[in-house]
Amino acid sequence: MAKNVKTKKEIIDGSGIRRALTRIAHEIIEKNKGIEDVVLVGIRTRGVPLANRLADKIKEIEGKRPPVGILDITLYRDDLSTVAQQPIVHKTEIPFDITGKKVVLVDDVLYTGRTVRAAMDALIDLGRPRAIQLAIVVDRGHRELPIRADYVGKNLPTSNEEVVSVNLKETDGDDRVLLQEKINS
């Protein structure tokens, strides 16, 4: 959980996250008329378990699990110099060719759009996908770039003083989405 924030309320519980991912899986299948040439790529950190969960849901529905990759965007961030002097770079693990594929980028929260822009830059360096789509658990608004999600679990209007935290079992021990507010220390 982020420091210097206090929780205002729980927005989505574990069951709500499961339902949202089930709906998004159905929407991915419907929009792409099946899963032929569909691959999922999770943006580190929370996009990775979300992409795996979506792939599992798609397998339940279609009988086949789409390939899942892991994308690290650290070196593509436009705020890299302000994040840390020595940023921690993790490995991108996409063990398949994305050229000609329909890539579904998966992340937890869509805010300014800068993370997604960095992810698209990183993907283009790996190949030329036929299409890039975006699946998000929470779209909180405040876009600074012309980016929108194709699949959204929940639209949640927020202020800039608020923080949306998506907690997942794999990274945080439980599943829930919290609306928090920044506190001055």
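Modeller: Buried, for a residue, means under 20% relative accessible area, exposed means over 50%, and partly exposed lies in between, with a 1.4 Å probe and protein chains only. The model is predicted: local features need pLDDT of at least 70 and side-chain atom pairs count only at pLDDT 80 or more, whereas totals for chains, interfaces and linings use all residues. Residues are numbered from 1 along each chain as its sequence is written, and side-chain values use heavy atoms, with hydrogens and water left out.

Colleague: Why does Ile12 count as buried?

Modeller: Its relative accessibility is 10%, which is under the 20% limit, and therefore the word buried applies. Ile12 belongs to strand E1; strands (E, at least two residues) and helices (H or I, at least four) are DSSP runs, numbered from the N terminus.

Colleague: What does Ile12 touch, residues up to four places away in sequence not counted?

Modeller: Ile12 touches Ile17, Val138, Lys154, Arg176 and Val177, where contact means heavy atoms within 4.5 Å. In addition, the C-alpha atoms of Ile12 and Val166 are 8.9 Å apart in space, although 154 residues separate the two in sequence.

Colleague: What makes E1 an edge strand?

Modeller: E1 (5-12) pairs on one side only, as does E7 (162-167), and these two are the edge strands of an open sheet of 3 strands with the order E1-E8-E7 and antiparallel pairing. On average, neighbouring strands of this sheet are turned by 30° against each other, direction ignored.

Colleague: How do you know that E1 and E8 pair?

Modeller: Two strands pair if DSSP finds at least two bridges between them. E1 and E8 (residues 176-182) are joined by 6 bridges and run antiparallel, so the criterion is met. Within this pairing, Val5 stands opposite Lys182 in E8.

Colleague: Which strands does H1 lie across, and at what angle to E1 does it run?

Modeller: H1 lies across E1, E7 and E8, and runs at about 55° to E1. Axes are lines fitted to C-alpha atoms, for helices over the stretch in contact, and angles run from 0 to 180 degrees between N-to-C directions.

Colleague: What span is expected of H1, and what span does it reach?

Modeller: The expected span is 1.5 Å times one less than the number of residues. H1 (residues 14-31) has 18 residues, and its reach of 26 Å from first to last C-alpha is close to the expected 26 Å. Its buried residues are Gly16, Ile17, Ala20, Leu21, Ile24, Ala25, Ile28 and Ile29.

Colleague: Which side-chain oxygen reaches the backbone nitrogen of Ser15 at the start of H1?

Modeller: A side-chain oxygen of Asp13 does, coming to within 3.2 Å of that nitrogen.

Colleague: Why is Lys33 called exposed and Asp37 partly exposed?

Modeller: Lys33 has 76% relative accessibility, which is over the limit for exposed, so the term fits. Asp37 has a relative accessible area of 26%, which falls in between the two limits, and is therefore partly exposed. Lys33 lies in the loop between H1 and E2, and Asp37 is found there too. Neither is a glycine, yet phi is positive at about 55° for Lys33 and at about 65° for Asp37.

Colleague: Which peptide bond is cis?

Modeller: The bond from Arg44 to Thr45 is cis, with omega near 10°. Thr45 lies in the loop between E2 and helix H2 (47-62).

Colleague: How many residues of E4 are buried, and with which strands does E4 pair?

Modeller: In E4 (residues 102-110), 9 of 9 residues are buried. E4 pairs in the parallel sense with E2 (residues 38-43) over 5 bridges, and in the parallel sense with E5 (residues 131-139) over 8 bridges. Val39 has Val103 in E4 as its bridge partner, and Lys102 has Ala131 in E5.

Colleague: What is the hand of the β-α-β unit made by E4, H4 and E5?

Modeller: The unit, with H4 at residues 114-126, is right-handed. A crossover has this name if, with the strands pointing away from the viewer, the path from the first strand over the helix to the second runs clockwise.

Colleague: Why is Gln133 called buried?

Modeller: Gln133, found in strand E5, has a relative accessible area of 7%, which is under the limit for buried, so the label holds.

Colleague: What joins the side chains of Gln133 and Asn32?

Modeller: A polar contact of 2.9 Å joins them. The term requires a pair of N or O atoms within 3.5 Å; within protein, one must be able to donate a hydrogen and the other to accept it, and residues adjacent in sequence count only if both atoms are side-chain atoms. Neighbours within four places aside, the residues in contact with Gln133 include Lys31, Val103 and Tyr151.
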